[in-house]
Amino acid sequence: MAGNRQILLMEKPNGKLTLDNFRLAEADIPTPADGEVLVKARYVSLDAANRAWMQGVTYRSALNSGEVMAGGALAEVVESHDPSLAPGDIVSAETGWQEYAALPARRLQKLPKLEPLTHLMSVYGVTGLTAYLGLLRVGDPEPGETVVVSAAAGAVGSIAAQVARLKGARTIGIAGGAEKCAWLTEELGLDAAVDYKAGELRRTLRGLCPDGIDVYFDNVGGDVFEAALFNMANHGRIVCCGAVSQYDGAPPQHGPRGVPGLIVTKRLKVEGFVVMDFYDGRDAALAQLRAWVESGQLKVQEDVIDGFEHLPAALIGLLAGENRGKRMVKVA
């Protein structure tokens, strides 16, 4: 029986991602086998990593042309052939960009039912855990230190910056545009915000951080990384979370200057991570994030777009910096 809308990646982009790289299709709703469950996507996550997966193997296998576009979702169990899950349960699942998927129950994570449900994808999902665990496990900021976060108005960046502030650090966000920068200081309470589009980023950071940056949480890479690198304090820590400036479009002409020279002379720690590395601290992280949200100390910003068919345009917009906070698409 047909009725499973899908979005296929028809052609991997050579340059910037466009709507022409995708096609809306329809397939039969799959039938779950023993040990599997049929789930229906409720919200599909949009992340810069979606674009990185098109470039080749990362921490997951590469995408191939003609396949259902990869992505995670909050989904509802429709039919279960496994005793651990029942119809109506909410799960986190790698469904891909499709309305229905039949998946092994062992690969699904049952989630609590709370309102708003979208928080399970933002602050209580991979986004919040990436910000919290990446900043604290890799960056390890101390009270009074200076923390700089790039893409600070984005999904991970907006939470990482607030966590740094709540841990007593002097926190500076880098974002694109005066409106986003004003939001960071006036709404999220950051000590300062820098508009990288205004130019002179390296000089501006030097003025704001006369004693250097102790922790830089990098979501961007490229020129922004370079500007932070030249302003790091001795024994500073750089948390490499993402490199959105390098995912969409032509490869950069050159890597950041100052590598490895400044890493050596400033005795810097530069470490990349994937959030699953730190899942031993998952429960404690979620408990702290929930306490901060419920007390009003941590503000959650979500950008929810209605309509399954809008997934390609929503991803293209995210890569262009349209969103503030976690972007996702509501399927139904």
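# A tour of the sheet and its helices

Select helix α3, residues 155–166: in this predicted model the helix lies across β9, β10 (170–175) and β12, and its direction makes about 170° with that of β9. Stay on α3 for its length: 12 residues, with 17 Å from the first C-alpha to the last, close to the 16 Å expected at 1.5 Å a residue. Colour α3 by accessibility next; 10 of its 12 residues are buried, so the helix is largely enclosed by the rest of the structure. The buried set consists of Ala155, Val156, Gly157, Ser158, Ile159, Ala160, Ala161, Gln162, Val163 and Ala164. After the helix comes Gly168, with a positive phi near 90°.

**The sheet**

Now show the strands that α3 lies across together with their neighbours. They belong to an open sheet of six strands, in the order β11-β10-β9-β12-β13-β14, with parallel pairing. Select 192–195 and 269–272: these are β11 and β14, the edge strands, and each has a single partner strand, so one side of each has no neighbour in the sheet. From one strand to the next the twist averages 15°.

For one pair in detail, select residues 213–218 and 232–240. These are β12 and β13, which pair in the parallel sense over five bridges. Within this pair, Ile213 stands opposite Met232 of β13.

**Helix α2**

Move to residues 126–139, helix α2, which packs on the sheet and touches β9 (146–149), β12, β13 and β14. The direction of α2 makes about 145° with that of β12. The helix has 14 residues and spans 18 Å from first C-alpha to last, close to the 20 Å expected at 1.5 Å a residue.

How many of the 14 residues of α2 are buried? The count is 12, so α2 is largely enclosed by the rest of the structure. Those to highlight are Thr127, Gly128, Leu129, Thr130, Ala131, Tyr132, Leu133, Gly134, Leu135, Leu136, Val138 and Gly139. Just after the helix, pick Asp140, which takes a positive phi of about 50°.

**Where α2 meets α8**

Keep α2 on screen and add residues 282–295, helix α8. The two axes come within 10 Å and cross at roughly 105°. The helices are therefore roughly perpendicular to each other. Display side chains for the contact: α2 supplies Gly128, Leu129, Tyr132 and Leu133, while α8 supplies Arg282, Ala285, Leu286, Gln288, Leu289 and Trp292. By class, these contact residues comprise seven nonpolar, two polar and one charged.

**Strands β3 and β7**

Next select residues 36–45 and 100–104. These are strands β3 and β7, which run antiparallel and are joined by five bridges. Glu36 stands opposite Pro104 of β7. Four of the five residues of β7 are buried, so this strand is largely enclosed by the rest of the structure.

**Last stop: Pro256**

Finish in the loop between β13 and α7 (261–265), where Pro256 is found. Is Pro256 buried or partly exposed? Its relative accessibility is 28%, so it counts as partly exposed. Leaving aside residues up to four places away in sequence, Pro256 touches Gly222, Phe225 and Glu226. To end, draw a distance from the C-alpha of Pro256 to that of Lys269: the two residues are 13 apart along the chain, and these atoms are separated by 16 Å.

Definitions and conventions: Residues are numbered from 1 along each chain as its sequence is written. This is a predicted model: local features need pLDDT of at least 70, side-chain atom pairs count only at pLDDT 80 or more; totals for chains, interfaces and linings use all residues. Side-chain values use heavy atoms; hydrogens and water are left out. Two strands pair if DSSP finds at least two bridges between them. Helices (H or I, at least four residues) and strands (E, at least two) are DSSP runs, numbered from the N terminus. Axes are lines fitted to C-alpha atoms, for helices over the stretch in contact, and angles run from 0 to 180 degrees between N-to-C directions. Contact means heavy atoms within 4.5 Å. Angles under 35 degrees count as roughly parallel, over 145 as roughly antiparallel, 65 to 115 as roughly perpendicular and the rest as oblique. Ala, Val, Leu, Ile, Met, Phe, Trp, Tyr, Cys and Pro count as nonpolar, Asp, Glu, Lys and Arg as charged, and the others, Gly among them, as polar. The expected span of a helix is 1.5 Å times one less than its number of residues. Buried means under 20% relative accessible area, exposed over 50%, partly exposed in between (1.4 Å probe, protein chains only).
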